[in-house]
Amino acid sequence: LADKGIISGYSDGTFRPNENVTREEFVKLVVEAFKIPVGSYEVTFSDVDKTRWSYECISAAASGGIIGGTGNGKFSPEDFITREDMAVIIIKVKGLSAEGNNQTFADEGDISAYATGAVHSLARRGIINGFGDATFRPKEFATRSQAAKIICAMLDARY
């Protein structure tokens, strides 16, 4: 992803793989990785104005139905993205069906209803997986390495 100019490190030359990813950072990665055209889209999120560095990416993803808000007309761009929300966005950007299967994580009941199909669909395809203790940890914040892994896996996948 770095070679393709999709992801970059910090000014000190580090990548910091265990740092959490914000919602706007993940959207930027997705827009750039999957070549979603940015343009003169309007965004209606009350917390994303035209001067925000991520405005074009957020507006392009929102207008394409790839992202939704967090409620009350907000996108919450500076909040960290959860693992389940990351799965939902990836399913939408690739136009894949979000369908359940027999994949069962030990913390299955913690996955939000809106994300269950996306998590199962990506797990079935081998795009995402859980942890060694058989959990998915859907509400845990995604790290830079997890975000890079899921984007790379989808770029390499043939769907």
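The largest pocket in this predicted model has a volume of about 230 Å³. A good way to get to know this pocket is to walk along its lining, which includes Gly5, Ile6, Ile7, Ser8, Gly9 and Tyr10. Val21, Glu25, Lys28, Leu29, Trp53 and Arg144 also line the largest pocket. Helix H1, which spans residues 23-33, gives the largest share of this lining, with three residues. Sorted by class, the lining of the largest pocket holds six nonpolar residues, together with three polar and three charged ones.

Charged side chains also lead to the next feature, the salt bridges. Side chains of opposite charge can pair when their charged atoms come close. In this model, the count of salt bridges comes to eight. One of them brings together the side chains of Arg16 and Asp12, with 2.9 Å from N to O. Arg16 has a relative accessibility of 34%, so this residue counts as partly exposed, falling between the 20% limit for buried and the 50% limit for exposed.

A salt bridge also links Glu42 with Lys50, where the closest N and O atoms are 3.2 Å apart. Both partners of this pair, Glu42 and Lys50, are exposed. Further along the chain, the side chains of Arg137 and Asp133 meet in a salt bridge, at 3.2 Å from N to O. Arg137 counts as partly exposed because its relative accessibility is 29%. The partner, Asp133, is likewise partly exposed, because its relative accessibility is 44%. Elsewhere, salt bridges with shared partners join Glu24, Arg52 and Glu78 into one network.

What, then, surrounds a residue such as Ser121, and which residues is it in contact with beyond its neighbours within four places in sequence? Ser121 sits in helix H4, which covers residues 113-124. With a relative accessible area of 0%, Ser121 is buried, because the value lies under the 20% limit. Once the neighbours within four places in sequence are left aside, the contacts of Ser121 are Ile91, Ser97, Ala98 and Glu99. The side chain of Ser121 is also joined to the side chain of Arg125 by a polar contact of 2.2 Å. For a reader exploring the structure, Ser121 thus offers a buried viewpoint, while Glu42 and Lys50 offer an exposed one.

Notes:
Residues numbered from 1 in each chain as written. Predicted model: local features only at pLDDT ≥ 70, side-chain atom pairs only at ≥ 80, totals over all residues. Heavy atoms only, no water. Salt bridge = Lys/Arg side-chain N within 4 Å of Asp/Glu carboxyl O. Buried < 20%, exposed > 50% of the residue type's maximum accessible area, 1.4 Å probe, protein only. Helix = DSSP H or I, 4+ residues; strand = E, 2+ residues; numbered from the N terminus. Polar contact = N/O pair within 3.5 Å; in protein donor to acceptor, adjacent residues only side chain to side chain. Contact = heavy atoms within 4.5 Å. 1 Å grid on protein atoms, 1.4 Å probe; cavity = no way out; pocket = protein on both sides within 12 Å on 5 of 7 lines; lining within 4 Å. Points joined across faces, edges and corners; volume = space filled by probe spheres on them. Nonpolar A, V, L, I, M, F, W, Y, C, P; charged D, E, K, R; others polar.
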